[in-house]
Each structure stands twice: as C-alpha cells, then as structure tokens.
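This tutorial dialogue concerns the reading of a protein model. A learner asks how to interpret individual features, and a teacher replies.

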Amino acid sequence: MQQQTLAIIKPDGVARNLIGEIIGRIEAHGLRIQAMKMIHLSKTQAEAFYAVHRERPFFQSLTDFMSEGPVVSMILSGENAIQVWRDLMGATDPVKAAPGTIRRDFGQSIERNTTHGSDGQETAAFETAYFFSQIESVN
Ligand code: GDP
C-alpha cells in the first residue's frame, strides 16, 4: 500500500550534524521525500505535537528536548512507508534497537533517540498535517 509518514530528525540529530547521514539512509531504502523543512519548535508546539503523551511521566522532559533546538521534518512516501521508516529507525530505546538501525547507531538514550516516525495511518495523517500545508508537499 502506498503510504505517507512523518519523519523528524530530532534536535540531538541536527545538533550532531546527522542530517545528511539520515537522509542518505532514507533515500537508499527507496523512500521518497515529498516535503522537508527545518524548524525550531516552541515548547507549546512540541506539547501539541506530543499531546497523546500528555499523561506520561516523561512528557515535560520530552517536550523540553524537542524544543531545545531545530529539527528537520519530512513527509516520506512509498510502499508501506510507515513501517519501512519505523524499521529503519529501530526500537524506541537505542539499546534495544536492532544493529544497523538509526536509533542503535546514533541514539543517546530512550528520549534522545535521534528520529521520530508516525506509528500508524491515523497518526501519520495528523502529524503530516501538523507540520505541512498542502502547498508545501509535492505530489
Ligand atoms: P516512538 O513511537 O518509538 O517514538 O515511541 P513513543 O511514541 O512511545 O514515545 C515518543 C517519544 O518519547 C520517543 O521517541 C522518545 O523520544 C520519548 N520516550 C519514550 N519513552 C520514554 C521514556 O520512557 N522516557 C523518556 N524520557 N522518554 C521517552
């Protein structure tokens, strides 16, 4: 199934000059970049993006982290793009992520895990619309 998903290179990835490395892996795995921009989220914008995690104990820390510096957000598309991108990222906790995945190779902790990817079709629709207007995405 052709899908779209939202990918984010988190502040720890941008700060360590990993943008090119991560985009290289995305392209090497056949995903297409349909939209891309660098932005510095405010704390309020990070809270709205992660609203589903509002009750989790790490919500304050996560939204502080996500607003500490710029991120690169992208809409990726391709066959089964949601799962393909999650497989490329690896498990949430870098120490549990499979060898060769982005989070295993670059993640610093369960929080500072370098990339984000939508976890399902509904989430992908919300998240791509949160970051991009229709005119910012190519067909
Ligand atoms: P994901 O879909 O793999 O990104 O994982 P989740 O949706 O469960 O969590 C969202 C983000 O919150 C993760 O990517 C981490 O940055 C952060 N996070 C998840 N679990 C923890 C945790 O136990 N502690 C902390 N500090 N951050 C966490």
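The turns below treat strands, burial, the ligand site, backbone angles and contacts across the sequence.

Q: What kind of model is this, experimental or predicted?
A: The model is predicted.

Q: How does one read strand pairing, and how many bridges join strand 1 to strand 3?
A: Two strands are taken as paired if at least two bridges are found between them. Here strand 1, residues 2-9, is joined to strand 3 by eight bridges, and the two run antiparallel. Individual partners can be followed along this pair: A7 is bridged to M74 in strand 3, while Q4 has S77 of strand 3 as its bridge partner.

Q: Which sense, parallel or antiparallel, does the pairing of strand 2 with strand 3 have?
A: Strand 2, residues 32-39, pairs with strand 3 in the antiparallel sense, over seven bridges. Within this pair, I33 stands opposite L76 of strand 3. Strand 3 therefore has pairings with strand 1 and with strand 2.

Q: How many bridges connect strand 1 and strand 4?
A: Three bridges connect strand 1 with strand 4, residues 115-117, again in the antiparallel sense. A7 of the pair stands opposite G117 in strand 4. A7 thus has a partner in strand 3, namely M74, and one in strand 4, namely G117.

Q: How is burial judged, and why is strand 3 described as largely enclosed by the rest of the structure?
A: A residue is called buried when its relative accessible area is under 20%. In strand 3, residues 71-79, eight of the nine residues are buried, so the strand is largely enclosed by the rest of the structure. The same reasoning applies to strand 1: six of its eight residues are buried, so strand 1 is also largely enclosed.

Q: How should one read the ligand site, and which residues surround the ligand?
A: A residue is counted as near the ligand if one of its heavy atoms lies within 4 Å of it. The residues around the ligand are K10, H53, R56, F58, L62, R86, T92, R103, I110, E111 and N113. The space that the ligand takes is the largest pocket.

Q: Which atoms of H53, R86 and E111 approach the oxygen atoms of the ligand?
A: A pair of N or O atoms within 3.5 Å is read as a polar contact. For H53, an N or O atom of the side chain is 3.1 Å from a ligand oxygen atom. For R86, a polar side-chain atom lies 3.2 Å from an oxygen atom of the ligand. For E111, the atom belongs to the backbone, an N or O atom 2.8 Å from a ligand oxygen. Taken alone, the ligand exposes 550 Å², and the protein buries 79% of that area.

Q: How does one read a phi angle, and what value does N17 have?
A: The sign of phi is read together with the residue type. N17 has a positive phi of about 60° although it is not a glycine. N17 belongs to the loop between helix 1 (11-15) and helix 2 (19-28). With a relative accessible area of 70%, N17 is exposed.

Q: Where is N80 found, and what is its phi?
A: N80 is found in the loop between strand 3 and helix 5 (81-89). The phi of N80 is near 50°, a positive value in a residue other than glycine. N80 is partly exposed, at 36% relative accessible area.

Q: How does one compare separation in sequence with distance in space, and how far apart are F65 and K10?
A: The two separations are read side by side. F65 and K10 are 55 residues apart in sequence and 8.6 Å apart in space, C-alpha to C-alpha. F65 lies in helix 4, residues 59-66, and is buried at 2% relative accessible area. K10 is also one of the residues that surround the ligand.

Q: Is E127 buried or exposed, and how far is it from L6?
A: E127, in helix 7 (residues 121-131), is buried, with a relative accessible area of 5%. E127 and L6 are 121 residues apart in sequence, yet 6.2 Å apart in space from C-alpha to C-alpha.

Technical notes
Residues are numbered from 1 along each chain as its sequence is written. This is a predicted model: local features need pLDDT of at least 70, side-chain atom pairs count only at pLDDT 80 or more; totals for chains, interfaces and linings use all residues. Side-chain values use heavy atoms; hydrogens and water are left out. Buried means under 20% relative accessible area, exposed over 50%, partly exposed in between (1.4 Å probe, protein chains only). Helices (H or I, at least four residues) and strands (E, at least two) are DSSP runs, numbered from the N terminus. A polar contact is a pair of N or O atoms within 3.5 Å; within protein, one must be able to donate a hydrogen and the other to accept it, and residues adjacent in sequence count only if both atoms are side-chain atoms. Accessible areas come from the Shrake-Rupley method with a 1.4 Å probe; for residues, only the protein chains shown count as cover. On a 1 Å grid over the protein atoms alone, a cavity is a set of points where a 1.4 Å probe fits but cannot get out, and a pocket is an open set with protein on both sides within 12 Å along at least five of seven lines; lining residues have an atom within 4 Å of a point. A molecule sits in a cavity or pocket if more than half of its atoms lie within 2 Å of its grid points.
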